[in-house]
Amino acid sequence: MLGPLTTGNDRRLLTTNLCLAWWALSRAFGRQVTLSPLPPPQDGRAEGGAHGRPRMNGVIVAGAGPAGLTAALSLARAGIPVTVLERESELPRQPRACTFHPATLDLLDDLGVAARLVAGGRVVDRVQWRDRAGLVLAEMGMNRLDGLTKHPFRIHADQSALTPLLLEALNVYPDVDVRFGAQVDGVAEGGTGVRVRVGHTWTRARYMIAADGADSSVRGALGLPFPRAACPAQALRVFTEAPLDRLLPSLAPLTYVRDVQQSCTLLKLPDHWRIIFKIPCEAYEPLSPSNLSLLVRRSLPGATEPIRVTGADRFGLNRRVLTSYRCGRVLFVGDAAHLTSTIGGLNMNAGIHDAAEAAQVIAAVIGGYAPAAALEAWAWRRRSVLMHRVIPRGETRPAGVRERDSARLAAAMAGLRAIAGDPDATRAYLAQASLLDPVPNPVPNQVPNQVPNQVPVRRAVGRA
């Protein structure tokens with residue numbers, strides 16, 4: 001029998017194990033568990049108090065991006081009333097992250113939207129590394145993930161392809177209210193709930209999920225710092241409708257060009273290609289047509305025809321992570337909680353998983369299936385996944401690229417070729433890249449290394 005919980009770590013461990021056990025049960029049945037609302041108070045009064053207000057068993061979600069709508073749909077499926085507040089007048093449509101990883105596709109399949117996303121996207125069945133001359137240095141088939149996931153591939157589709165599917169799925173639930181043009185102007189927490197102000201109107205709920213992006217108004221209203229670690233480079237994203245897979249023989253839908261002279265990443269989407277470069281912040285007029293054409297020619301000299309650029313944009317590379325994803329009854333997910341310069345859309349994928357898991361834990365707390373302390377366990381775990389799984393992988397580049405060291409780059413590519421030549425090593429490499437591996441190891445000074453009676457849960461719990 002466990003002794004008394006004398007320390008914060010003891011309580012956190014017990015709460016974490018309860019959450020893991022609950023998640024393991026819900027995932028073991030291959031579906032989300034539908035949770036009933038709390039029963040009415042014993043004295044028959046509404047939870048709102050003497051004024052007769054309705055019970056506050058609902059949740060407010062700020063933001064109608066991938067993370068916010070994932071949270072809303074997960075809550076709705078659990079029987080929790082949801083109000084979604086989106087500051088824009090419609091769903092955002094500007095190009096953003098465009099990679100959906102296998103673990104994310106599994107999650108979206110649970111929500112009933114993966115099949116249509118896959119049908120409208122570009123299936124990535126192999127990953128390739130090559131040099132500027134077109135020599136294939138290494139290649140891995142995503143089919144090595146068979147048995148680990150229902151989706152042994154990536155999907156390239158802009159995140160704006162997902163949000164309409166989530167919104168449409170929400171429309172069948174009568175207790176869901178999606179409000180566009182609803183800017184969060186204030187947040188106030190009471191003992192039994194949270195109040196949110198939009199204009200001059202206050203809305204109440206038991207909990208709030210802040211998924212309102214990097215410029216989160218919820219985070220600002222609560223006065224939470226969002227520390228920034230800047231990178232001395234920026235990303236340049238080039239769009240082209242040229243058939244690169246015809247102009248560059250044997251090109252994979254996801255290809256990393258690794259060369260000491262010029263590196264880039266090529267991504268095939270349903271109707272265009274994206275070429276991603278990392279350039280210095282002080283680069284001179286990087287968006288000028290002449291400079292873009294020169295950069296593309298320099299990176300892909302083996303193209304059999306000129307590559308016409310149809311558009312380009314750039315954005316800064318930095319890392320910003322909240323100290324805690326929880327502030328009282330407000331949980332932060334997605335870009336509102338973390339902004340990272342990770343490749344492959346890992347920040348968006350992590351945000352979708354933040355949201356789904358936050359919704360599940362809130363539903364469990366409201367339904368009486370988990371203690372309120374489970375929210376703090378969720379916040380610690382999701383931040384740990386980001387810091388110790390997502391960021392280290394997403395910011396890694398082969399040795400020698402940044403230093404322009406041909407010998408180090410050749411050694412790194414030889415290592416990748418060795419992995420690609422070993423089926424088990426390939427499977428392990430792709431599983432990590434797809435965030436299909438287990439929960440992160442305990443973090444020093446937060447959770448002891450020895451966890452008594454810990455529930456042995458693998459991928460479904462630990463995936464980001």
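**View 1. Aromatic rings that keep each other company.** Three aromatic pairs turn up in this structure, which is a predicted model. Look for Trp129, Tyr256 and Tyr429: together they make up one aromatic cluster. As a rule, a pair of aromatic rings is described by how far apart the centres are and by the angle of the planes.

**View 2. Arginines sitting over rings.** Here we stay with aromatic rings, but now with a charged partner. Arginine 219 lies over the face of phenylalanine 226, and the distance to the ring centre is 3.8 Å. In another spot, tyrosine 207 has the charged end of arginine 329 over its ring, 4.9 Å from the centre.

**View 3. A salt bridge between two loops.** The whole structure holds 14 salt bridges, and one of them joins the side chains of arginine 96 and aspartate 335, at 3.3 Å from N to O. Arginine 96 belongs to the loop between strands E2 (82-86) and E3 (99-100), while aspartate 335 belongs to the loop between strands E19 (330-332) and E20 (338-339), so this pair ties together parts 239 residues apart in sequence. Arginine 96 is partly exposed, its relative accessible area being 34%. In general, side chains of opposite charge can pair when their charged atoms come close.

**View 4. A salt bridge between two strands.** Now find aspartate 313 and arginine 237, which form a salt bridge with their closest N and O atoms 2.7 Å apart. Aspartate 313 is in strand E17 (residues 309-321) and arginine 237 is in strand E13 (residues 228-240), so the pair links distant parts of the chain, 76 residues apart. Which of these partners is buried, and which is partly exposed? Arginine 237 is the buried one, with a relative accessible area of 9%, whereas aspartate 313 is partly exposed at 22%.

**View 5. Two helices and a small web of charges.** Arginine 382 and glutamate 357 meet through their side chains in a salt bridge of 3.7 Å, N to O. Arginine 382 sits in helix H10 (residues 374-394) and glutamate 357 in helix H9 (residues 346-366), so their bridge ties together parts 25 residues apart in sequence. Salt bridges with shared partners join Asp354, Glu357, Arg381 and Arg382 into one network. Arginine 382 counts as buried, at 1% relative accessibility, and glutamate 357 is buried too, at 7%.

**View 6. Inside the largest nonpolar core.** This core has 83 residues, and Phe100, Leu108 and Met208 have the most contacts inside it. H9 supplies the largest share, with 14 residues. Zoom in on phenylalanine 100: setting aside neighbours within four places in sequence, its contacts include Leu105, Leu108, Leu117, Ile155, Leu162, Met348 and Ile352. Another core, of 21 residues, lies apart from the largest one, and Cys98, Val127, Ala138 and Leu267 are among its members.

**View 7. Two residues with a positive phi.** Most residues other than glycine have a negative phi. Serine 250 is not a glycine, yet its phi is positive, about 70 degrees. You'll find serine 250 in the loop between helix H7 (244-247) and strand E14 (254-257). Leucine 435 also has a positive phi without being a glycine, at about 60 degrees, and is found in the loop between helix H12 (423-433) and helix H13 (459-462). Is each one buried or exposed? Serine 250 counts as exposed, at 51% relative accessibility, but leucine 435 is buried, with a relative accessible area of 3%.

Definitions and conventions
Residues numbered from 1 in each chain as written. Predicted model: local features only at pLDDT ≥ 70, side-chain atom pairs only at ≥ 80, totals over all residues. Heavy atoms only, no water. Phe/Tyr/Trp six-rings, centres within 6.5 Å; stacked < 30°, edge-to-face > 60°. Lys NZ or Arg CZ within 6 Å of the ring centre and 35° of its normal. Salt bridge = Lys/Arg side-chain N within 4 Å of Asp/Glu carboxyl O. Helix = DSSP H or I, 4+ residues; strand = E, 2+ residues; numbered from the N terminus. Buried < 20%, exposed > 50% of the residue type's maximum accessible area, 1.4 Å probe, protein only. Core = buried A, V, L, I, M, F, W, Y, C linked by side-chain atoms within 4.5 Å. Contact = heavy atoms within 4.5 Å.
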